[in-house]
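Student: Hey, I've just opened this one and don't know where to start. Can you walk me through it?
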Amino acid sequence: MANDRITARPHSSALLVGCGTVEDPSVHNLAAPSNDVKSLAEVLIANDYTVKSLIDCTTQEARKAVLDLLSHARARDTCLLYLSCHGQLDDSGDQLYFVLHDTWSAHLGATGLSASWLREQIASSGAGAVIVVLDSCCSGAFVKPLTIKGKPGKHLHESDIDTMLEHHMRGLVEDPPDGGRPNTPAARLQRPATVRAALTSSSPTEASYTSPKTRLSYFTETVIDGLRGAAALEGQDAITVTQLQDYVTRELPQRHPTQTPRVYFNGTGVTIARKSAWLASSSSRDDNPDLGGIRKGPKARHRKAVLTALSLAVSLAVVAALLRWLLPGHPFVGDPPHSTASHTGVPVGSYPLDTCTGPTEQLNLAVSPDFSQQMRLAAEAYGAHADRSQGTCVEVVVQDKNSGEATRALARGWKASDGAIPDVWSPAASVWLPLARAQATETAKERLPSAAPQSIVTSPLTIAMPEPMARELGWPKKKINWNDLADWAAHAQNFWANHHHPEWGDFKLGKTNPAWSTSGLHATLAAFFADTGTSAQLTPETVADRNHQGIERNIEKAVVHYGDTTLAFLANLRRADTAGEALSYISAVTVEEQAVVAYNDGYPCGALRSDTPDCGKTTRPHTQLVSFYPEDGILYSDHPYIKLGGMNAAKQSVADDFLAYLHSSNVQRGFAEVGYRDWHGRSDPQNGLVTQDNGALPDKKLHRMQLPTDATLAKLLEVWPGLRRRANVMLVIDTSSAMGAPAYGKSGPSRMQSLQQAEDRLFATTGFGGKDRVGMWRLADPTPLVSLGPMDESLTGSSRRDVLGRTLGVLRPNGDTGPLLFDTVDNAVRSLRTRNDPEAINAVVVLADGSKDLQGGAVEQQLLHSLSDPEQPRIRVFTVAYGSPEKGNTALKKIAETSGGRAYRADDPRNSKNSNTTLSTVLTNVISNF
């Protein structure tokens with residue numbers, strides 16, 4: 001027997017466990033696990049694995065199958081264990097359990113499949129190689145509860161966890177479980193070399209998602225592609241565990257950016273599959289696994305009988321599908337035995353409503369850009385659903401829409417040019433709903449509900465500062481209020497010199513435009529609250545009373561520029577941080593807590609965004625931000641879920657269902673992972689980013705301000721232009737022949753004509769005020785077309801505002817002025833410096849062709865040096881580019897970033913995912929900086 005054991009042929013076995021249907025009514029059913037198991041079994045069978053598949057099994061059935069797999073394995077055998085199901089942490093957040101058919105969330109310890117139990121079996125197995133592949137939420141917590149020997153209960157850092165897991169996976173733990181093999185040095189020498197490898201779909205706190213196209217989980221889909229050959233090195237047939245790990249780690253974030261696969265212990269040298277095996281079987285793909293039974297590889301016996309059974313099963317399924325098509329409710333994919341509401345796992349598939357295929361309607365959501373990507377990912381995981389009583393399959397579609405822009409669009413009646421008409425609106429805060437009602441026409445008002453909406457997530461407004469500056473002012477113990485911020489702003493000059501840091505310069509404040517941005521609106525409201533004391537005293541009359549505008553006027557004095565979003569401030573701060581100049585860019589910015597902690601976690605723009613490449617996650621900044629929470633009151637960005645009027649019954653059902661889905665615990669946990677508090681306002685210290693290490697004070701008691709009346713809010717926006725810092729702006733217009741090309745596609749209005757048609761966005765009274773000074777230059781001209789001066793100033797019988805509009809209207813594209821871009825911008829900057837207004841926002845706005853690769857050589861370098869010269873007055877440049885972002889836009893972007901401004905790009909509205917990058921919207925956003 002001993003000789004047989006030594007010479008026995010190596011054997012590869014796999015246990016695949018997939019569970020999508022759970023008895024617990026609080027646990028949401030999943031559509032992907034059964035698909036995952038079927039597809040993975042197919043590729044393993046092609047590689048001559050003996051595959052046992054369990055679908056919707058009980059915990060006891062899974063435990064027995066695990067023991068059968070591992071306990072009989074020999075030193076030359078390879079065992080692969082795969083799970084696709086819900087993953088749930090216990091209440092302590094330490095213990096991971098896999099949720100199977102008879103698992104109950106209230107009794108995880110007794111009914112769930114414990115990760116620690118699985119580790120024990122792996123550590124004691126005699127198999128030469130054990131490969132564990134886990135596809136569930138929180139699967140990276142497979143080793144999270146490990147403790148240091150002699151110090152029970154002490155949590156480890158990630159590096160400690162990785163080291164301890166490596167020991168666990170090798171079976172070299174000092175104290176093996178009861179029944180495990182002795183772990184003495186002599187016993188270890190007698191063992192054959194072993195390999196233990198694990199690959200998980202996510203980190204210990206991340207969710208895992210399903211592809212709506214393939215109905216496989218993104219992770220398993222990536223693993224399968226790797227096993228089919230994508231992971232193989234060029235010119236090689238064998239696919240090793242290491243190569244598969246490397247491929248999945250590299251590829252999965254490209255398919256789903258919020259999933260971070262985790263790899264534990266290097267499995268170098270262990271071949272898990274061969275590229276040729278899959279290719280050889282591709283012509284006869286008849287080896288689907290027999291669910292619930294055991295199947296061999298290509299040499300399996302009794303294949304004919306199994307195929308006959310499968311053929312019969314498929315035939316019955318087709319008949320059942322035809323019957324369901326002929327009966328009411330035909331869109332539904334399946335009839336799960338339980339209608340459930342999720343509070344575990346990332347729900348994919350049926351929620352209380354059922355999943356469906358071939359959606360015929362869309363539930364359109366207009367969501368603020370700072371939260372839209374998270375909502376888009378949630379909608380993707382949720383999939384298409386339908387109410388059986390309606391029989392209509394509805395998918396959820398998310399479009400970006402700035403809160404202020406959406407408010408105006410809804411108030412005047414949503415037009416086609418505003419984007420897809422929304423069924424649900426989610427601005428960054430509830431404050432925008434009463435503003436929309438106050439501004440709405442009678443017809444438009446019918447779509448706007450009067451009842452207060454429910455929140456999706458929340459985040460309080462903070463005064464964020466670079467940490468060294470904040471600590472100089474007493475953070476984290478120092479208590480401040482809005483009047484303190486006003487005092488700092490009123491004494492901005494030499495502020496830091498008076499606090500022993502002259503190298504930090506003046507006090508510089510970042511604050512967004514309250515007409516467009518939630519943080520700007522909330523900060524403005526808070527300043528008025530601080531002046532009057534209570535919301536009851538904040539009325540249209542007090543807002544308009546100059547005697548109650550002191551705090552707000554002082555705060556505006558230190559603003560470097562405004563904007564439609566905090567993205568520009570945080571992105572510019574991160575660039576300054578990379579250059580070692582974070583403390584010279586800005587002293588404070590009024591911004592939501594979520595953006596602060598996300599910025600510190602490595603999101604340069606303070607949010608997960610898909611439309612801005614520079615906003616992708618990277619390393620943590622060298623100088624992080626920290627948050628002050630004013631004692632006299634704070635307003636919250638509560639991201640309301642506003643169901644607009646006019647939805648049919650099918651959409652209404654899905655809208656209600658999707659909100660319930662968003663409130664489920666694991667979806668909320670996913671939001672917490674990018675810095676949000678839950679919809680009740682609670683932070684999640686175990687899984688979320690809201691910690692003091694990330695610049696927040698999660699335990700601080702916050703005083704929440706109440707919103708004033710609709711009329712008061714409307715009056716505030718009416719009087720704010722008279723309180724803000726005035727603008728001193730020079731416009732530079734490209735008139736090269738490239739501006740005569742079609743703006744979008746091969747026909748239609750030219751770029752110049754499109755700009756002229758959007759003239760009202762540049763010169764409307766809702767943008768530049770009467771006291772703002774504006775002038776206009778044309779590329780290649782050494783002198784301005786319209787001199788710099790107040791907008792309401794009379795020029796030959798007309799206001800400068802009217803002259804600017806007429807001048808733009810008669811410009812015609814002519815010649816190649818692209819190379820003169822740098823000269824003209826440099827001249828405009830130098831001219832503006834001679835008329836620099838220290839009490840104003842001094843800026844140049846460049847509107848130019850972006851389709852050419854512009855190389856300015858020495859002239860470009862001279863301009864960039866001039867823009868960054870600390871000895872010269874700061875002139876910020878804001879650029880708008882037409883054309884490809886890979887070409888001329890690069891030069892324009894470099895100019896904007898060097899100056900501390902912001903680069904914009906105008907897209908073809910027919911190709912854009914949303915209406916936020918059309919020319920008219922971009923121009924509105926540009927002017928919101930002033």
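Tutor: Sure, let's begin with one side chain: Arg830 is partly exposed, because its relative accessibility is 41%. Keep in mind that this is a predicted model.

Student: What does Arg830 form a salt bridge with?
Tutor: With Asp826; the closest N and O atoms of the two are 3.0 Å apart.

Student: And is Asp826 buried or exposed?
Tutor: Asp826 is buried, because its relative accessible area is 5%, and the cut-off for buried is under 20%.

Student: Which helix are Asp826 and Arg830 in?
Tutor: Both lie in helix 30, which covers residues 821–834. They sit four residues apart, or about one turn of the helix.

Student: Why does that spacing matter for which way residues point?
Tutor: An α-helix has 3.6 residues a turn, so residues three or four places apart point the same way.

Student: OK, how many salt bridges does the structure hold?
Tutor: There are 30 in the structure. One of them joins the side chains of Lys511 and Glu556, at 2.9 Å from N to O.

Student: Where do Lys511 and Glu556 lie?
Tutor: Lys511 is in the loop between strand 20 (509–510) and helix 18 (518–532), while Glu556 belongs to helix 20 (residues 550–556). The pair therefore ties together parts that are 45 residues apart in sequence.

Student: Are Lys511 and Glu556 buried or exposed?
Tutor: Lys511 is buried, and Glu556 is buried too.

Student: Got another salt bridge for me?
Tutor: Try Asp678 and Arg682, whose side chains meet at 2.8 Å, N to O. Asp678 counts as buried because its relative accessible area is 15%.

Student: Switching topic: what about helix 5, why is it largely enclosed?
Tutor: Helix 5 runs over residues 115–124, and seven of its ten residues are buried, so the rest of the structure largely encloses it.

Student: Which residues of helix 5 are the buried ones?
Tutor: They are Ala115, Trp117, Leu118, Arg119, Gln121, Ile122 and Ala123.

Student: Last thing, what's the average pLDDT of the chain?
Tutor: The average is 80, and 81% of the residues score at least 70. Over residues 1–8, though, the pLDDT is below 50, and that stretch has four contacts in the model beyond near neighbours in sequence.

Student: And how many contacts like that does the stretch 145–193 have?
Tutor: Residues 145–193 have 65 contacts in the model beyond near neighbours in sequence, and there too the pLDDT is below 50.

Methods:
Residues numbered from 1 in each chain as written. Heavy atoms only, no water. Buried < 20%, exposed > 50% of the residue type's maximum accessible area, 1.4 Å probe, protein only. Helix = DSSP H or I, 4+ residues; strand = E, 2+ residues; numbered from the N terminus. Salt bridge = Lys/Arg side-chain N within 4 Å of Asp/Glu carboxyl O. pLDDT = per-residue confidence, 0-100. Contact = heavy atoms within 4.5 Å.
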